[in-house]
Amino acid sequence: MTKHVQITIIDYPNALQSAVQGFKELFFLANRIVIESQLEVQFSVKVIQPDIDLDGMSQNDIIILPPNLDGDYFFTPQPKLLQYLNEAHQKGTILCSACAGAFILAKTGLLNNRVATTHWQLADEFHEAFPKVSLEIESLLINDGDIISAGGLMSWIDLGLEIVAQFTKPHVMRTLGKFLIVDTGRREQRYYGSFSPKLNHGNKQILLVQHFIQANYSKTLNVSVLAALACMSERTFLRQFTNATTLKPIQYIQKIRVQKACELLESTTHSFERVALNIGYDDVNSFRKVFIKIIGLSPTAFKERFV
């Protein structure tokens, strides 16, 4: 059965129209490649305007906030849109932003204590407005599982390719990049051993725990803490978490941490020892074994291959 990936693009006032329409065309082209590849996935795209189209909206897999062309709507988005984004995120929707769209996303509060990126020229204003967000302005694109942000004005293309690769296969993204004449070389690194958590399972308590893990992966996490957060007994929590995510909590946390380690190894000059400490492992050798088990390469081999 063909899986339809439901994508909603928010055409807010003064949104970059080349991006709004470009997203539609990018996913249209991706669908053609998917059909040729005989994959059972199709992207369904709709464009909505926040002042008239938010009532009665159906479930989405992805919501995209495109770049801004002019004006200052992204500084003061309407409360109705922020509520809509929060409610969608609580139901498991992946929220995405490109360029100034990150300001709207940050206004929801969902980026607090999370990492994100936006246009480099907006960095000072973003820092001042959202001090609780860890802004990595040097990053072109940050895929933080349930939230994806992209940097510059044309980064909507990178965001679109990221979504295509995540929901189909890397070769679909590469083929699409060749057709568009867009370099996909470094983007492919992110897909090797990447972890895309299952978020649309409908279990609100488990989704709450997943969001907590995503924001606190470097802290000490155990089943008792997570079960208490979900207001469940440990036995019930283990069963429901495994059913919802297909992973035991320790496996899930390990995959999150390994994904973060891969991103740090790719984007910084930090040693693996420092990376391990940054993501919550005091025992570097123990994390090295976990890394090799999940990725299939040693950290050194990973850097030689991809960096």
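This is a short tour of the structure in your viewer, one selection at a time. Keep in mind that you are looking at a predicted model.

**Stop 1: the sheet**

Switch to a cartoon view and find the open sheet of six strands, whose order is β2-β1-β3-β4-β8-β7, with mixed pairing. Which strands stand at the edges? They are β2 (41–48) and β7 (141–143). Each has a single partner strand, so one side of each is left without a neighbour in the sheet. Now look at how the strands are set against each other: neighbours in this sheet are turned by 15 degrees on average, direction ignored.

**Stop 2: strand β4 and its partners**

Select residues 94–98, which make up strand β4. How many of its residues are buried? Five of its five are, so far as accessible area goes, under the 20% cut-off for that word. Both faces of the strand are covered: Ile94, Cys96 and Ala98 are buried on one side, and Leu95 and Ser97 are buried on the other.

Next, add residues 62–65, strand β3, which runs parallel to β4 and is joined to it by four bridges. If you show side chains here, you will find Ile62 opposite Ile94. To follow the chain from β3 to β4, trace it through helix α2 (residues 79–90); this β-α-β crossover is right-handed.

Then add residues 147–150, strand β8, which also has four bridges to β4 and runs parallel to it. Two pairs to pick out are Cys96, opposite Ile148, and Ser97, opposite Ser149.

**Stop 3: two helices across the sheet**

Select residues 17–36 to see helix α1, which lies across β1 (3–10), β2 and β3. Helix α1 runs at about 165 degrees to β2. Now select residues 156–167, helix α5. Which strands does α5 lie across? They are β1, β2, β3, β4, β7 and β8, and the helix runs at about 155 degrees to β4.

**Stop 4: two cysteines**

Go back to Cys96 and add Cys99. Why is there no bond between their sulfurs? The sulfur of Cys96 is 15 Å from the closest cysteine sulfur, in Cys99, which is too far. A disulfide needs the two sulfur atoms within 2.5 Å. The structure as a whole holds zero disulfides. Both cysteines are covered, though: Cys96 is buried with a relative accessible area of 1%, and Cys99 is buried with 4%.

**Stop 5: salt bridges**

Side chains of opposite charge can pair when their charged atoms come close. The structure holds four salt bridges. Start by selecting Arg114 and Asp144, whose closest N and O atoms are 2.8 Å apart. Asp144 lies in the loop between β7 and β8, and Arg114 in the loop between α3 (101–107) and β5 (115–116), so the pair ties together parts that are 30 residues apart in sequence.

Keep Arg114 selected and add Asp146, another salt-bridge partner, with closest N and O atoms 2.5 Å apart. Asp146 also lies in the loop between β7 and β8, so this pair links parts that are 32 residues apart in sequence. Are these residues buried or exposed? Asp144 and Arg114 are both buried, and Asp146 is buried too, at 1% relative accessibility. For Arg114 the relative accessible area is 5%.

Now move to Arg288 and Glu273, a salt bridge with its closest N and O atoms 3.3 Å apart. Arg288 is in helix α13 (residues 284–295) and Glu273 in helix α12 (residues 272–278), so the pair ties together parts that are 15 residues apart in sequence. Arg288 is partly exposed, with a relative accessible area of 25%, and Glu273 is partly exposed at 38%. To finish this stop, select Arg114, Asp144, Asp146 and Lys260 together: salt bridges that share partners join them into one network.

**Stop 6: two residues with positive phi**

Most residues other than glycine have a negative phi. Select Asn14, in the loop between β1 and α1: its phi is near 70 degrees, a positive value. Asn14 is partly exposed, at 40% relative accessibility. Last, select Ile181, in the loop between α6 (170–180) and α7 (185–191). Its phi is near 60 degrees, also positive, and Ile181 counts as exposed, at 77% relative accessibility.

How values were computed: Residues are numbered from 1 along each chain as its sequence is written. This is a predicted model: local features need pLDDT of at least 70, side-chain atom pairs count only at pLDDT 80 or more; totals for chains, interfaces and linings use all residues. Side-chain values use heavy atoms; hydrogens and water are left out. Buried means under 20% relative accessible area, exposed over 50%, partly exposed in between (1.4 Å probe, protein chains only). Two strands pair if DSSP finds at least two bridges between them. A crossover is right-handed if, with the strands pointing away from the viewer, the path from the first strand over the helix to the second runs clockwise. Axes are lines fitted to C-alpha atoms, for helices over the stretch in contact, and angles run from 0 to 180 degrees between N-to-C directions. Contact means heavy atoms within 4.5 Å. A salt bridge is a side-chain nitrogen of Lys or Arg within 4 Å of a carboxyl oxygen of Asp or Glu.
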